[in-house]
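Me: I'd like to learn how to read a structure like this one, feature by feature. Could you walk me through it?

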Amino acid sequence: MDSGHVGYRMQREIIDEERLKVLSQRLDYSQTNIPIHHRIKKALSCSVHSLKRSIVGFLPILSWLPRYSIWDYGMPDLISGISVGIMHLPQGMAYALLASLPTVFGLYTSLYPPLIYFIFGTSRHNSIGTFTILSIMIGSVTERLAPDANFLVFNGTNVTEEVDIVSRDLYRVQVAAATTVLGGLIQVVLGLVQFGFVGTYLSEPLVRGYTTAATVHAVVAQFKYIFGVSLKRFNGPLSVIYTLADLFTLLPETHLPTVLVSVVSIVVLILVKELNNALRQKLLVPIPVELCTIVLATVISFYVRLGSSYKISIVGEIPSGLQPPTVPNVSIFSEVVVDAFALAIVGYAISISLGKTFALKHGYKIESNQELVALGLSNTVGGFFQCFSVCSSMSRSLIQESTGGKTQMAGVVSGVIVLVTILKLGSLFQDLPKAVLSAIVLVNLKGLFKQYYDIVTLWRSSKIDLLIWLVTFVSTVLFNLDMGLGASMAFALLTVIFRTQRPTYSLLGHLPGTELYLDIETHMEVTEVPGITIFRSSATMYFANAELYIEALKKKSGLDIAKMLTYKRRQEAKQRRRDRRAERRAQREVKRQKRALRAASQRSRNVVFSVEEGAGQLREIDGDILREEELGWKERENSTVFVMPATSDGHHTWVYLKGTDPDTTTLGSLSDLQDGDTTTLDSSSEDTLSRDLERVSLGSLGKWTWDIHSIILDFSTANFIDTVGLKTLRSIFHDFGEIDVYIYLAGCQELVVEQLERGGFFSDVITKRHVFATVHDAVLYCLKHHGAKAIHSYENALEMSGTHL
């Protein structure tokens, strides 16, 4: 080896020692060493700066309103707010039908929540108000708790029963308000306890599958207005199937004028929306097709008298003015708690996803927990004013962003538009056909219908995500919205558990010329480090995959510890039996020598003794052993072995003739006897078992122990370790230590090391010197301390490739 390479190795060793010292210092320092009272004092400490930051964090309006520039932001926010307010009017009334509520409550929902979000929200472009999915979910609750069957009354003749619409709608408003308040309180509590990450459990495939299934419920709910038939309302599992079956039976009763109004409205809406898309670069603001449609339809209905002359269902009376706040009916809370939780989670997931999209595009930041609080307060306060659940709407938010909206001041402008409509213009829409509102709902669902293409996209990219999408869609369609959400979330979490329970295990090899260690199976250019096995799991080791981890480690390393420990124990037991037999033979030898001394004077010099008769007697004269020349031979056949005295180099040995035929036997000394030979010397059946165990070859045990002296566990993918993982690690250290294989950890995050310390993992046997910052550090340590023989061949291989370790 040239002097340059020797110098390089010396420098590497110095660097390695320094790395070990630095790592040891880092590991010794931990936040767990900070006294608990210091942590409590720091957490409870308060200063003017922290107080101001907390207030501004809870009231984000204080951070941007004092710096609001009317010249820069005033006109864009005004144009954007008017555009969004115009959209609020038709959507608020249409989505109130989805919620099975009077249309005026949709206008209330478009007024109060945006004003609350203006104060507490952090997104500049989210338009808070009615949304398709949440309206459907509210509608399922209101019709479940307040079905028509509960409000049947006899008419004046006491012959037929009619639905008391006023009482029914009044109770449905109470149900919707109570559900909204409870859902809002859940959101506020989750936000205050920093549970903003809860939305991350709703993956994108789950949300898209859920919203796509919700469109099915929305479409089915609008059929009664589109076809002008009276469908029964079914609740619970398979309600969509039952509703469709009822629709098919009532198709002969379809009201043709209603169908005509629906078709014309749908065609007009689609054509104008496509025109907006085609001319979006040239138009300052999109054509308010929805508002124009309801205005035109109202005018036509008023003059043609569609309600009275053609029996087309119309909106009816819309009261002017605002309703005073009322306390929700808390007795309903217990019946809607599950629905409220589902509304809270789904609404937050939709809002935060839209908010993050706009924030990333325009370069600002939104706070997840504050968004949860803002949305919760919007729902809670809105519930006191008979509003139903709200979240950000994709269509309105896109309009607010595309028309130049800069801040939530646009939401205030849109609220003013809705307020003016409620106070002065609401009564003008009393003759509006409900079929037109249903047409608006169906056309606005067009974007959600396109999500069916996700099936093709996910099939190409991820089969598991496709499975989540399909399970979410099917379960939501069949089991209703609340049960479908729970089932889909459970299934999505199961897929995560399954993927972490069945991670990819791999052995790493060194990439010559670098400090990188890559998968041997996928990278052909890497080389295996002699005597060292580097093992990595693609997931954190925890209770669900701990057993699989240790099984994969044994399989990948080729070390069958159970067999090897069994073999080792058997060898130790055999050695103990050999020692006992040797001790007994030594005792018999002493007795035989004594008998030989007594018989020496009575026999001639050349005597042959058999085993049964005290074979191999020696004679001593004056304490000296007679030389071989002074001894003669006289052979007598023994049943198995002939033993004769002999001397070699002045040392006494025994010469054995094995076999029943003296002419065909072979010679060997006692020290050369194998285990099979000892069976002829008063051996037992236990010796036969030992001989059978000896026949177990090293090859049958897999990769033999001595091929590997160290195993490095790459823990760079682990972000935590639980008690089961700790026990598994201890077991790995103990079991492999039994067969003289050293275990080391590499790439541990600081949190993992702290958890190892708190769990009492480190001891006199397993110290922090078994933990390294990188795999390369661990490899260098193993080669230096355990691989003295293997390192030479490895360095020669590296020199041949022109690289250095």
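Reply: Happy to! Let's begin with exposure: a residue is called buried under 20% relative accessible area, exposed over 50%, and partly exposed in between. Leucine 238 has a relative accessible area of 34%, so it is partly exposed. Keep in mind that this is a predicted model.

Me: Where does leucine 238 sit, and what is its phi?

Reply: Leucine 238 lies in the loop between α10 and α11 (239–250). Its phi is positive, near 65°, and the residue is not a glycine.

Me: Why would a positive phi catch the eye?

Reply: Because most residues other than glycine have a negative phi. Glutamine 194 is another non-glycine residue with a positive phi, about 60°. You will find glutamine 194 in the loop between α9 (165–192) and α10. Glycine 760, which follows α28, also has a positive phi, near 70°.

Me: Which residues of helix α28 are buried?

Reply: Helix α28 covers residues 750–758, and its buried residues are Val752, Val753, Glu754, Gln755 and Leu756.

Me: Let's step back to the whole chain. How many helices and strands does it have?

Reply: There are 30 helices and 15 strands. Of the 805 residues in the chain, 47% are buried. The chain exposes about 41,300 Å², and carbon and sulfur atoms supply 61% of that area.

Me: What can contacts tell me about sequence separation?

Reply: Take the contacts between residues at least 6 apart in sequence: 77% of them join residues at least 24 apart.

Me: Now for helix packing. At what angle do α10 and α22 pack?

Reply: The general idea is to look at the angle between the helix axes, then at the handedness of the crossing. Helix α10 (residues 204–227) packs against helix α22 (residues 463–501) at about 45°, with the axes 8 Å apart. An angle between 35 and 65 degrees falls outside the parallel and perpendicular classes, so α10 and α22 are oblique to each other. Their crossing is right-handed.

Me: And how do α5 and α17 cross?

Reply: Helix α5 (residues 70–98) and helix α17 (residues 394–402) cross at roughly 160°, and their axes come within 8 Å. Angles over 145 degrees count as roughly antiparallel, which means that α5 is roughly antiparallel to α17. On the α5 side the contact is made by Ser80, Ser83, Val84, Met87, His88 and Gln91, and on the α17 side by Ser395, Arg396, Ile399 and Gln400. This crossing of α5 and α17 is right-handed.

Me: Can we zoom in on a single side chain? Is serine 438 buried or exposed?

Reply: Serine 438 has 0% relative accessibility, so it counts as buried. Its place is in helix α19 (residues 434–444). Leaving out residues up to four places away in sequence, serine 438 touches Gln222, Tyr225 and Ile226. With glutamine 222 there is a polar contact between the two side chains, at 2.7 Å.

Me: What about histidine 510: buried or exposed?

Reply: Its relative accessible area is 0%, so histidine 510 is buried. Histidine 510 belongs to strand β5 (residues 505–510). A polar atom of the histidine 510 side chain lies 2.6 Å from the backbone oxygen of threonine 514.

Methods
Residues are numbered from 1 along each chain as its sequence is written. This is a predicted model: local features need pLDDT of at least 70, side-chain atom pairs count only at pLDDT 80 or more; totals for chains, interfaces and linings use all residues. Side-chain values use heavy atoms; hydrogens and water are left out. Helices (H or I, at least four residues) and strands (E, at least two) are DSSP runs, numbered from the N terminus. Buried means under 20% relative accessible area, exposed over 50%, partly exposed in between (1.4 Å probe, protein chains only). A polar contact is a pair of N or O atoms within 3.5 Å; within protein, one must be able to donate a hydrogen and the other to accept it, and residues adjacent in sequence count only if both atoms are side-chain atoms. Contact means heavy atoms within 4.5 Å. Accessible areas come from the Shrake-Rupley method with a 1.4 Å probe; for residues, only the protein chains shown count as cover. Axes are lines fitted to C-alpha atoms, for helices over the stretch in contact, and angles run from 0 to 180 degrees between N-to-C directions. Angles under 35 degrees count as roughly parallel, over 145 as roughly antiparallel, 65 to 115 as roughly perpendicular and the rest as oblique. A crossing is left-handed if the near helix is turned anticlockwise from the far one by less than a right angle, and right-handed if clockwise.
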